[in-house]
Amino acid sequence: KEIAFIFDLDGVIVDTAKYHFLAWRNLAIQLGFEFTEEHNELLKGVSRVKSLEILLNIGKVEISEEEKQKYLVQKNTEYLGFVNKMTSDEILPGVNDLLNYLDANKITYALGSASKNAPLILEKVGLYSRFSAIVDGNDVSKAKPDPEVFLIGAKKLEMKTENCVVVEDAIAGVEAAKAANMTCVGIGEKEVLGHADFVFGDMTGFTPEFLNQLIN
Ligand code: G16
Ligand code: MG
């Protein structure tokens, strides 16, 4: 049957979570509290604005709207410093093989990311032109776990939702994919991404055997 893929970005194509972490942690230090890798888990797949809210909650810090805007710009500027140094070396293991397989089998794919920096990141790692469609944080009004990002992706690919396969590393993303009536492959731990239809530890889980099973 005809299928299409919709990929999340952070945690699936590249590991930008480590750069988000460094930038958020510096902001927390500046505001006088500790921000751990464990805290950072709460921000995965979550929008920038919502991430700041969660971070401020962790530090029990209350600030004005104006200051929030200032810190959002500051965090993103620092984050972009890391992004601008990214190269194709940062594409996660298994991704290139999978995209090559999809191209060879004429299976289209889109990006469905919460990040407003998604096009820049894809450009940096040399994958931008390979995607048939890109849906990012600038295109959606409702963040994951709302299915909007993946529904727009399916529309752009001109595919029925039930024929779309979403690849996601975040709980909110898996929920969004299932709410969109799509097949979901989780990348991470089974205990965490239990609602996904399949879960692999990393992107090398997409073996030719598994892909054949999905297509047929
Ligand atoms: C990514 C990250 C999130 C980040 C969000 C917004 O989402 O997982 O941690 O907060 O994008 O990023 P930005 O500040 O660049 O707009 P995804 O959906 O690609 O995993
Ligand atoms: Mg992600």
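Hi everyone, this is a short walk through the sheet, the core and the annotated site of one structure.

What we have is a predicted model, in which local features need pLDDT of at least 70, side-chain atom pairs count only at pLDDT 80 or more, and totals for chains, interfaces and linings use all residues. Residues are numbered from 1 along each chain as its sequence is written, while chains are lettered from A and ligands numbered from 1 in the order in which they are written.

Let's start with the sheet. Six strands make an open sheet, in the order β3-β2-β1-β4-β5-β6, with parallel pairing. Helices (H or I, at least four residues) and strands (E, at least two) are DSSP runs numbered from the N terminus, and two strands pair if DSSP finds at least two bridges between them. At the edges stand β3 (133-135) and β6 (198-200), each with a single partner strand, so one side of each has no neighbour in the sheet. On average, neighbouring strands are turned by 20° against each other, direction ignored; axes here are lines fitted to C-alpha atoms, for helices over the stretch in contact, and angles run from 0 to 180 degrees between N-to-C directions.

Out at the β6 edge, β5 (residues 183-187) pairs with β6 in the parallel sense over three bridges. Ile187 has Phe200, in β6, as its bridge partner. Helix α7 (residues 148-157) packs on the sheet, where α7 touches β1, β2 (109-112), β3 and β4 (164-168), and its direction makes about 160° with that of β3.

Now, the inside. The largest nonpolar core (buried Ala, Val, Leu, Ile, Met, Phe, Trp, Tyr and Cys residues joined through C-beta atoms within 7 Å) has 48 residues, of which Phe7, Phe150, Cys164 and Val166 touch the most other members. Helix α7 gives the most to this core, with five residues.

Finally, which residues does the "active site" annotation cover? According to the unreviewed UniProt entry, they are Asp8 and Asp10; such annotations may be inferred rather than shown by experiment, feature names are shortened, and positions follow the numbering used here. Asp8 sits in the loop between β1 (4-7) and α1 (17-31), and Asp10 has its place in the loop between β1 and α1 too.

Buried or exposed, then, is Asp8? Asp8 is buried, with 28 other C-beta atoms within 10 Å, and Asp10 is buried with 24. Buried means 20 or more such atoms within 10 Å, exposed 12 or fewer, partly exposed in between, with C-beta atoms placed from the backbone.

Beyond neighbours within four places in sequence, Asp8 is in contact (C-beta atoms, placed from the backbone, within 7 Å) with residues including Ser113, Glu168 and Asp169. For Asp10, the contacts outside that sequence window are Thr16, Ala17, Ser113 and Ser115. Thanks, everyone!

How values were computed
Two residues are in contact if their C-beta atoms, placed from the backbone, lie within 7 Å.
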